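Subject: Structure for you to look at

Hello,

Here is the structure I said I would pass on. Please open it beside this message; my notes on what was found follow below.

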Amino acid sequence: MKRLFFATLMLISSLAFAGEKVAYQNWTVESTPQSHEAYTIADAQTSFGTFCSGDQCLFYLHQNLNCSPGSKYSVLMNSPSLSTALTMECTLIGGNLFQILTPFEAVLKASQAGDSIGFAVALQSGAFAVSRFSLNGAKQAIDRVLTEAAQSKSRATRPAPPTVVIPMIPIAPINPPVQIIPRQAPNQVPQSNSKDISI
């Protein structure tokens, strides 16, 4: 299930959507209504970045390595603020292999300070494939992507304003009051109600 989620995120990223593209020194931010991505490129076949769709975000590494899709590997990450071992999962998207890096928080912390970050992947031959990336502009670019992703989530989960239903009460027509006049027999003299007595 997790691999399917990552594959879906990366597939959305690889599709050509018309969106906003902004440069932050050596990093680029691309935003569409469906996704937000910040990345930097070391060479024509090597990139590092973060990708968000909805409230789900991940860091990825794209290298010219022949890994097996679905397989997990160890990678060493080194930056001025943090050096640690990570796990990366090989994912095939649109004919390209991407490595999804975990844990997310460790990569985020390492990308927030300093001028470069490096990844060393152990190869079957016993050698290491090493990639280095500039962090100039990374903090601003990644912060923007995470902020936009959070705002997208907020817009998506914001409840709709309540609908006020005003009940329709049937209104009877209003007629003016009617004056009731007692009936009198024809040729009858009206009698007075007074009790005057003549003397």
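Strand 2 (residues 27-31) and strand 3 (residues 36-43) run antiparallel and are joined by four bridges. Within that pair, Thr28 sits opposite Tyr39 of strand 3. Please keep in mind throughout that this is a predicted model.

The sheet

Those two strands belong to an open sheet of ten strands, ordered 1-2-3-4-5-8-7-6-9-10, with antiparallel pairing. Strand 1 (20-24) and strand 10 (128-134) are the edge strands; each has a single partner strand, so one side of each has no neighbour in the sheet. From one strand to the next, the twist averages 30°. As a reminder when you look at the side chains, those of a regular strand alternate between the two faces of the sheet.

In total the protein has three helices and ten strands. Read from the N terminus, the order of elements is α-β-β-β-β-β-β-β-β-α-β-β-α. Of its 199 residues, 35% count as buried.

Strands 6, 7 and 8

How many bridges pair strand 6 with strand 7? There are seven, and the pairing is antiparallel. A hairpin of four residues connects strand 6 to strand 7. Asn78 has Ser83, in strand 7, as its bridge partner.

Strand 7 also pairs with strand 8 (residues 96-102), again through seven bridges and with the two strands running antiparallel. The hairpin of strand 7 and strand 8 has two residues between the strands, and Gly94 in this hairpin takes a positive phi near 55°. Further along this pairing, Thr91 has Phe98 of strand 8 as its bridge partner.

Phe98 lies in strand 8. The relative accessible area of Phe98 is 12%, and the cut-off for buried is under 20%, so Phe98 counts as buried. The C-alpha atom of Phe98 is separated by 9.2 Å from that of Asn64, with the two residues 34 apart along the chain.

A residue of helix 2

Ala110 lies in helix 2 (residues 104-111). With a relative accessible area of 0%, Ala110 is buried. Ala110 and Ser79 are 31 residues apart along the chain, and their C-alpha atoms are separated by 5.8 Å.

The disulfides

How many disulfides does the model contain? The count comes to two. With the bonded cysteines of the protein numbered in sequence order, they pair 1-2, 3-4.

One disulfide joins Cys52 to Cys57, with an S to S distance of 2.0 Å. The torsion about the S-S bond of Cys52 and Cys57 is about 115°, so this disulfide is right-handed. Are its two cysteines buried or exposed, and what are the values? Cys52 has 0% relative accessibility and counts as buried, whereas Cys57, with a relative accessible area of 22%, is partly exposed.

The other disulfide joins Cys67 to Cys90, with an S to S distance of 1.9 Å. The link of Cys67 and Cys90 is right-handed, with 70° about the S-S bond. Cys67 lies in the loop between strand 5 (56-62) and strand 6 (72-78), and Cys90 lies in strand 7 (residues 83-93), so this pair ties together parts that are 23 residues apart in sequence. Both Cys67 and Cys90 are buried.

The second largest pocket

Rolling a probe the size of a water molecule over the atoms shows where empty space is left. In this model, the second largest pocket holds about 210 Å³ of space. Which residues line the second largest pocket? The lining is made up of Leu65, Asn66, Cys67, Ser68, Tyr73, Met88, Val121, Ala122, Leu123 and Gln124. Cys67 thus appears twice in these notes, as a member of this lining and as the disulfide partner of Cys90. By residue type, the lining divides into seven nonpolar, three polar and no charged.

If you go through the model in the order above, the items to display are the sheet, the strand pairs, the two disulfides and the second largest pocket.

Regards

Conventions:
Residues numbered from 1 in each chain as written. Predicted model: local features only at pLDDT ≥ 70, side-chain atom pairs only at ≥ 80, totals over all residues. Heavy atoms only, no water. 1 Å grid on protein atoms, 1.4 Å probe; cavity = no way out; pocket = protein on both sides within 12 Å on 5 of 7 lines; lining within 4 Å. Points joined across faces, edges and corners; volume = space filled by probe spheres on them. Nonpolar A, V, L, I, M, F, W, Y, C, P; charged D, E, K, R; others polar. Disulfide = S-S within 2.5 Å. Buried < 20%, exposed > 50% of the residue type's maximum accessible area, 1.4 Å probe, protein only. Pairing = 2+ DSSP bridges. Axes fitted to C-alpha atoms, helices over the stretch in contact; angles between N-to-C directions.
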